[in-house]
Amino acid sequence: MLDELFTISTLVGILHSCVRLATPYLFAALGETFGQRSGVLNLGVDGIMLMGAFFAFYAVFEGHNLWVGVLVAIAIGVLMGLLKAFVSVTMQSLQGISGIGLYLFGLGLSSLLFKTLIGSVEGVSGFRQLAIPLLSDIPGLGHILFNHNALVYLAYLMVPLSWFVINRTTLGLKIRAVGHNPEAADTLGVSVNGVRYATLMIGGALAAVAGASLSIGLQNVFQENMTNGLGFIAVALVYFGSWRTVGVLGGSLLFSLVNALQLWVQALDIPVPSEVAVMMPYIMTIVVLAFTARQIQKPAALARSYERGE
Amino acid sequence: MLRRISISTLIFLLLLAGCGRSDDSGDGETVGAEGDPFRIAIVMPSSTTDIAWSQSMFDSLVAVQTEMGGEDALTIAYSEGMFRVTDASAAIRDYASEGFDLVIAHGAQYGNSVFEVAADFTETSFAWGTSSDTGADKGIENVFAYGAVANEGGYVNGVVAAMLTQTDVIGVIGPVAGDAKLYIDGFVRGVTEIKPDAQVNISYTGSFSDTTLAAEAAHVHIQAGADVLTGSAQQVVGAIGVANENGVAWLGTQSDQISLGPDVVVTNQIYNWANVVADMISKIENGELGGTAYKLTFANDGLRLEFNENIEIADEVKEAARTAIEDIKSGAVDPVLWEEDE
């Protein structure tokens, strides 16, 4: 039985699943990384994802182009980010609580809009599998990496892009400065609040695209609370990845790999109790967290409001 | 500063108040002189539009309401998304204290809450399922129980799956091991009856609502060679989306799922609770507040198998399904797996 798991076609299948499953985690966790590097913890990711998932779906459901759906999601994500910024940065409310509030707001509003505007669970034609010419012909690897829908590729493109913005641009320098020592950044003329507004809007946009990647990419339906807490796992992945984009990529892939593995183990009837299989991703998470507990890169001002001294 | 915090917290609390309970009973309408409408409240784990367990009951309630003559005769109040038992428990108690005639707790996880509240509100009638326990042994007389003999439709869907498959590989996507066992056992039994050598791959996502994982499970089954899929709980919307995209046949259960996969959904086993609800209402109106345990079967029209009229289905498949249903009704077939291990 176990040798069935180690056939080439099964391994390719598992890795293919893994790459696809990581998509929403990548978008959402990279977005959250921006916010946290600037010192703002946003627990509302899941709510923003739901809003993004709904609006992207609704745009496509109404007959618009898929990319219009993505743009609509981005716009909604930016607005949700602005809302979070207004509450956490301008009003300086507790970041954790206001994040939960934002989550519940997104959950409730997306459900309400779904009920009023659509009413029943419907399907749309979402992003199709897009095999990249030549590259997808590479045996094994081609199927694993280059046979996905456009949003999957976009998610992986966001990794180097986010890394570049955070580590190699002036904006990135400001983000890190504000997250590490807002007082010092302020004295150097960096607008702490401005930077935090910007990162929350970027984070909101990415979280909304994460939602869209579900509703018009991976599943092509919208259902109330369809993210099922995925946004909270994305927040955990930022810690898991020690606030680095590569770490976030690693965490997303690892979590998705174990999820893919458990689905394949069950489908191939490999004698592991399904309860154990289902637990695997979480056991893995705890084990890895235990070993990566050192929080060297944690932004020093994370979850702290900043108010300029008199 | 402090004031700022409290203002922003208040704003969010106000926003929060937006999510919550819905009341379908129409506001401000005065009730006719011939008597108050019968009032039903239902607490359900997912939503009225989950195209699965919760929707099956909600659709049946609406059907009964229409049958009885609309909102003047029957009002329906509902609480959705009550997956957490503590939330559901509070809602059940709320509805009971608001004087509803019948409070339905639509989930096997609500049992303890129902019995606890039922003991405090002996004039109110309660119903819960999946269960056959009316609490009679606890001395409780105001609780109905209900459930679906899902293995019957599972068997018929299994027969259909075996006739449709060309690869002889069939994929099943379950929620939490144990919950969908009846349906899946019946399904496997049905497949085996027609094609003993066909392979049925079963995977559980470990959740009722993880549509992402259910979608991926569908991908996995398809890659493992399956050309017919089935599954249960509200998570399946993700899987049907994938079946639709890949042109793989889907066999539905609980509610009508054709809207999601107009070209791939072949059959639906539909839970029709209307007779159960109507019977509970008439019993309650005659002063009998509980004590009956209902079962949906093909024989009592609680289960229905509906074919998708929009796609072409071979006559022999339809015929085999009808024969299977007749055999179940007559008792010629017992749609339970042979090896009872639990």
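**Close-ups of a two-chain predicted model**

Of the 342 residues in chain B, 56% are buried (buried means under 20% relative accessible area, exposed over 50%, and partly exposed in between, with a 1.4 Å probe and protein chains only). This is a predicted model, where local features need pLDDT of at least 70, side-chain atom pairs count only at pLDDT 80 or more, and totals for chains, interfaces and linings use all residues. Residues are numbered from 1 along each chain as its sequence is written, chains are lettered from A and ligands numbered from 1 in the order in which they are written, and side-chain values use heavy atoms, with hydrogens and water left out.

**View 1. Chain B as a whole.** Chain B has ten helices and 13 strands; helices (H or I, at least four residues) and strands (E, at least two) are DSSP runs, numbered from the N terminus. Take the contacts (heavy atoms within 4.5 Å) in chain B between residues at least 6 apart in sequence: 68% of them join residues at least 24 apart. The chain exposes about 13,900 Å², with carbon and sulfur atoms supplying 48% of it (areas come from the Shrake-Rupley method with a 1.4 Å probe; for residues, only the protein chains shown count as cover).

**View 2. Helix 8 of chain B under its cover.** Nine of the eleven residues in helix 8 (residues 236-246) of chain B are buried, among them V236(B), I240(B) and E245(B). Their cover includes helix 10 (192-218) of chain A, along with strand 7 (169-174) and helix 7 (211-223) of chain B. Just after the helix comes G247(B), with a positive phi near 65 degrees.

**View 3. Two buried spots in chain B.** S60(B) sits in helix 2 (residues 53-68) of chain B and, at a relative accessible area of 5%, is buried. Leaving out residues up to four places away in sequence, S60(B) touches Y271(B), N272(B), W273(B) and A274(B). T134(B) is in the loop between strand 5 (125-129) and strand 6 (143-148) of chain B, and its 9% relative accessibility makes it buried too. Beyond its neighbours within four places in sequence, T134(B) has contacts that include F115(B), I140(B) and G291(B).

**View 4. The nonpolar cores.** A nonpolar core is a set of buried Ala, Val, Leu, Ile, Met, Phe, Trp, Tyr and Cys residues joined through side-chain atoms within 4.5 Å. The largest one here has 103 residues, and M49(A), I216(A) and W250(B) have the most contacts inside it. A second, separate core of 62 residues includes Y78(B), V188(B), I281(B) and L305(B). Back at I216(A), the contacts outside its neighbours within four places in sequence include A56(A), F57(A) and V124(A).

**View 5. V45(A) in helix 3 of chain A.** V45(A) belongs to helix 3 of chain A and is buried, at 3% relative accessibility. Not counting neighbours within four places in sequence, V45(A) is in contact with A28(A), E32(A), A207(A), G231(A) and V235(A). Which elements of chain A have the lowest and highest mean pLDDT? Helix 1 (residues 2-5) has the lowest, 67, and helix 3 (residues 45-61) the highest, 98; pLDDT is the predictor's confidence in each residue, from 0 to 100. Where pLDDT is low, the predicted coordinates should not be read in detail.

**View 6. F291(A) on the surface.** F291(A) is part of helix 13 (residues 274-291) of chain A and is exposed, at 67% relative accessibility.
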